[in-house]
Amino acid sequence: MRTSTIAQATPRLLMRAPVRPAQQRFRGVPMPQPGTERICSPAGMQRRPMLGRLRRALANDLLVLHYQPIVSLADGRIAHHEALVRLLDEDDGRVVGPASFLPAAERYGLIGEIDRRVLDKVAERLAHHDRDDGGIAMNLSALSVTDRDMLAHIEHGLARHGADPARLVIEVTETASISDMPAAREFCQRAHALGCSIALDDFGAGFGSFHYLKHLPFRYLKIDGAFIRGLPDSPHDQLVVKALVGLVREMGQQTIAEFVGDRRTLELLRELGVDYAQGFHVGRPHAWLVGSTERSPSRV
């Protein structure tokens, strides 16, 4: 009789079904009927080891933060930093960028735990650095913004480390808010009442931007990099940035330009009235904080 083993078996089609966006998976949206958009293939099966890698990273504290300065265009001082999560490779200790593991973290439902770890590290950092170092901004995933328990975790983490909530900036993206506006509004209002600042991240990236500009309390509006990268050579982008600056200023809040890559862009942003700049030209991410009393040499 002919026999076979799992080791000898060749990869076969296991299922055929569309892949839903992470927002729908996490919110319990019913799975659509099977279709032909995506199939389980050997290549897809090879990505499964990332799940174990992420679990080991969380168990062994292999997540680290790098900090990128956000600089005032009025006086060149560092106003605060954005905490950017990285992963230490478990084999050789090299630093792995977020694009390599955050999509998998969303796919496997671990992004909320990563957000919590980042918050704990940010709270600890705030507690051990002088107030003159400014605040720290951190991104929250869509899952965490709509998680009813997340704000309690933030409040508890800040209190445990003795960190001032006023020095924490929570960055909320458009996808995180539009997917569940009532939950996002409640989260932002409660975070604001706690003393934290809200930054609307990647503004202008989607069609619903002005909807959540109207409904969410915020202190900073971060203009999406799509309007900044080619700013000096794009009259259209200049008009958009100028309009956003005027609108946000009338609302009594401030603007941050992301992805500032050269001096031409920096000078134009200053002329257009943008309040803060972030990008490689004004400061690359580092594994440590730079004092806010320092200036970015000859760049701002």
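**Exercise 1. Find the loop that holds Asp89, and decide whether this residue is buried or exposed.**

Step 1. Asp89 sits in the loop between strand S2 (78-88) and strand S3 (95-96); helices (H or I, at least four residues) and strands (E, at least two) are DSSP runs, numbered from the N terminus. Residues are numbered from 1 along each chain as its sequence is written, and side-chain values use heavy atoms, with hydrogens and water left out. Keep in mind that this is a predicted model, where local features need pLDDT of at least 70 and side-chain atom pairs count only at pLDDT 80 or more, while totals for chains, interfaces and linings use all residues.

Step 2. With a relative accessible area of 9%, Asp89 is buried. Buried means under 20% relative accessible area, exposed over 50%, and partly exposed in between (1.4 Å probe, protein chains only).

Step 3. Now look at the surroundings: leaving aside neighbours within four places in sequence, Asp89 is in contact (heavy atoms within 4.5 Å) with Arg53, Arg94 and Val96. A polar atom of the Asp89 side chain also lies 2.8 Å from the backbone nitrogen of Asp91.

**Exercise 2. Work out why strand S5 is largely enclosed by the rest of the structure, and which strands pair with S5.**

Step 1. Six of the six residues of S5 (residues 168-173) are buried, so this strand is largely enclosed by the rest of the structure.

Step 2. In a regular strand the side chains alternate between the two faces of the sheet. In S5, Leu168, Ile170 and Val172 lie on one side and Val169, Glu171 and Thr173 on the other, and both faces are covered.

Step 3. Strands pair if DSSP finds at least two bridges between them. Strand S4 (residues 135-140) pairs with S5 in the parallel sense over five bridges, and Asn139 has Glu171 of S5 as its bridge partner. Strand S6 (residues 197-203) and S5 also pair in the parallel sense over five bridges; here Val169 has Ser197 of S6 as its bridge partner.

**Exercise 3. Describe the setting of Lys222 in strand S7.**

Step 1. Lys222 is found in S7 (residues 220-223) and is buried, with a relative accessible area of 0%.

Step 2. Not counting residues up to four places away in sequence, Lys222 touches several acidic residues, including Glu82, Glu171, Asp201, Asp202 and Glu258.

**Exercise 4. Which helix gives the most to the largest nonpolar core?**

Step 1. A nonpolar core is a set of buried Ala, Val, Leu, Ile, Met, Phe, Trp, Tyr and Cys residues joined through side-chain atoms within 4.5 Å. The largest one has 71 residues, and Val122, Ile154, Leu168, Ile170, Phe187, Val241 and Leu269 have the most contacts inside it.

Step 2. H5 gives the most to this core, with seven residues.

Step 3. Helix H5 (residues 111-127) has 17 residues, and its buried residues include Ile114, Val118, Val122 and Leu126.

**Exercise 5. Locate two residues with positive phi, Asp61 and Phe259.**

Step 1. Most residues other than glycine have a negative phi.

Step 2. Asp61, with phi near 55°, lies in the loop between helix H3 (49-59) and strand S1 (63-72). At 47% relative accessibility, Asp61 is partly exposed.

Step 3. Phe259, with phi near 60°, lies in the loop between strand S8 (254-257) and helix H12 (263-272). Phe259 is partly exposed too, with a relative accessible area of 46%.

Definitions and conventions. Expected span 1.5 Å × (residues − 1). Polar contact = N/O pair within 3.5 Å; in protein donor to acceptor, adjacent residues only side chain to side chain.
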